[in-house]
Amino acid sequence: MVSLLACAAVMAGCTGPAGDEQERQAGTPAPEATAVATPPPAPEPTETPLAVRETGGARAVTEETDDYLFSYAYPAVAGSVAPLGDLLDRQLEERRTELATSAAQARREARADGFPYNKHSYQAEWKLVADIPGWLSLSNEFSTYSGGAHGIYGVSSLVWDKDAAEAMEAIELFTSPQALEDALGDRFCDGLNKQREERRGDPVDPEADDLFNKCPDIDELVVLVGSGSGRRFDRLTLYAGPYVAGPYAEGDFRVNLNVDRAVLQTVKPRYRDSFATRGRA
């Protein structure tokens with residue numbers, strides 16, 4: 001209470017009873033109250049209302065401010081599974097918050113340094129790869145831009161276990177990444193080099209060891225599991241993003257391979273019934 005009263009006294013331009021008496025004795029009038037300027041409150045950021053999940057389960061969100069452009073979408077087949085839709089919604093909010101925070105920081109830094117600000121962006125679209133008994137396989141095609149010469153883009157994997165209500169990456173269905181790489185042998189590298197040759201107009205030396213000519217390790221790739229039969233996983237897509245298998249100008253690479261006996265043997269035993277060799281699904 002003492003501090004509040006003291007504050008009020010200062011705001012009124014007073015010095016307290018003792019000070020008033022001294023001023024009256026000196027014959028000087030008490031000072032008039034002085035208004036203290038209060039800065040206007042900072043404006044609240046205006047947000048575009050985010051679209052909610054549709055009745056069928058799909059959701060598509062687009063939000064643009066002076067700082068950033070954000071979009072995120074997933075199909076009905078994913079959103080209609082309540083826990084999976086909730087998981088994707090949480091990721092949506094996390095990505096949007098990360099983008100808003102980093103974009104605001106970048107704008108402040110650009111202003112302080114006297115540079116123009118280039119709007120940041122994050123865009124993601126989940127797509128269905130396969131819907132088979134017990135499983136959904138999804139791919140997330142995303143792109144980001146944070147003010148550099150160009151943005152970056154890529155793909156991520158999500159496999160949904162319908163019975164256990166759990167999400168994982170497709171590579172987790174296999175005993176280990178190395179086991180899968182060994183089972184694929186030269187099939188991925190041969191398919192990749194064929195695409196490289198088509199884009200470059202020159203064959204690739206299979207013994208090359210430089211960054212853009214060597215065959216990437218499987219740890220550098222994204223593995224997607226698909227199905228031609230709609231009953232079991234019987235094909236793989238191995239994805240190499242920008243800079244992984246070639247310069248940025250060459251783009252990304254996708255190599256599609258059938259599941260064979262060697263690959264089948266690398267699937268974890270508890271998941272093996274959900275896989276089949278191509279043509280025997």
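Which residues line the second largest pocket? The legends below start there; keep in mind that this is a predicted model.

**View 1. A look into the second largest pocket and its lining.** The answer to the opening question is Asp186, Cys189, Asp190, Asn193, Arg196, Asp205, Pro206, Ala208, Asn213, Lys214 and Cys215. Together they wrap a space of about 170 Å³. Sort the lining by side-chain type and you get 5 charged, 4 nonpolar and 2 polar residues. Two names on that list, Cys189 and Cys215, turn up again in the next view, where a disulfide joins them.

**View 2. Zooming in on the disulfide between Cys189 and Cys215.** The structure has 1 disulfide, and here its sulfurs sit 2.0 Å apart. What we have is a covalent bond between the sulfur atoms of two cysteines. The bridge ties together distant parts of the chain: Cys189 belongs to helix H6 (residues 187–200), while Cys215, 26 residues away, falls in the loop between H6 and strand S7 (222–226). As for handedness, the torsion about the S-S bond is about -90 degrees, so this disulfide is left-handed. Is Cys215 buried or partly exposed? With a relative accessibility of 26%, Cys215 counts as partly exposed, because buried means under 20%.

**View 3. The open sheet of 6 strands, and its S1 edge.** Reading across, the order is S1-S2-S3-S4-S5-S6, with mixed pairing. Strand S1 (59–64) and strand S6 (166–168) are the edge strands, each paired on one side only. From one strand to the next, the twist averages 15 degrees. On the S1 side, the partner is strand S2 (residues 68–74), and the two run antiparallel over 6 bridges. If you want a pair of residues to find your bearings, try Val61 and its bridge partner in S2, Tyr72.

**View 4. Strand S8 with S7 and S9 as its partners.** Strand S8 (residues 235–240) pairs antiparallel with S7 over 5 bridges. S8 also pairs antiparallel with strand S9 (residues 253–258), this time over 6 bridges. A handy landmark is Leu238 in S8: Val223 stands opposite Leu238, and Leu238 in turn stands opposite Val255 in S9. How many of the 6 residues of S8 are buried? The count is 5, so S8 is largely enclosed by the rest of the structure. As a reminder for this view and the previous one, strands of a sheet pair through backbone hydrogen bonds, either parallel or antiparallel.

Conventions
Residues are numbered from 1 along each chain as its sequence is written. This is a predicted model: local features need pLDDT of at least 70, side-chain atom pairs count only at pLDDT 80 or more; totals for chains, interfaces and linings use all residues. Side-chain values use heavy atoms; hydrogens and water are left out. A disulfide is a pair of cysteine sulfur atoms within 2.5 Å. Helices (H or I, at least four residues) and strands (E, at least two) are DSSP runs, numbered from the N terminus. Buried means under 20% relative accessible area, exposed over 50%, partly exposed in between (1.4 Å probe, protein chains only). On a 1 Å grid over the protein atoms alone, a cavity is a set of points where a 1.4 Å probe fits but cannot get out, and a pocket is an open set with protein on both sides within 12 Å along at least five of seven lines; lining residues have an atom within 4 Å of a point. Grid points are joined across faces, edges and corners, and a volume is the space filled by probe spheres set on the points. Ala, Val, Leu, Ile, Met, Phe, Trp, Tyr, Cys and Pro count as nonpolar, Asp, Glu, Lys and Arg as charged, and the others, Gly among them, as polar. Two strands pair if DSSP finds at least two bridges between them. Axes are lines fitted to C-alpha atoms, for helices over the stretch in contact, and angles run from 0 to 180 degrees between N-to-C directions.
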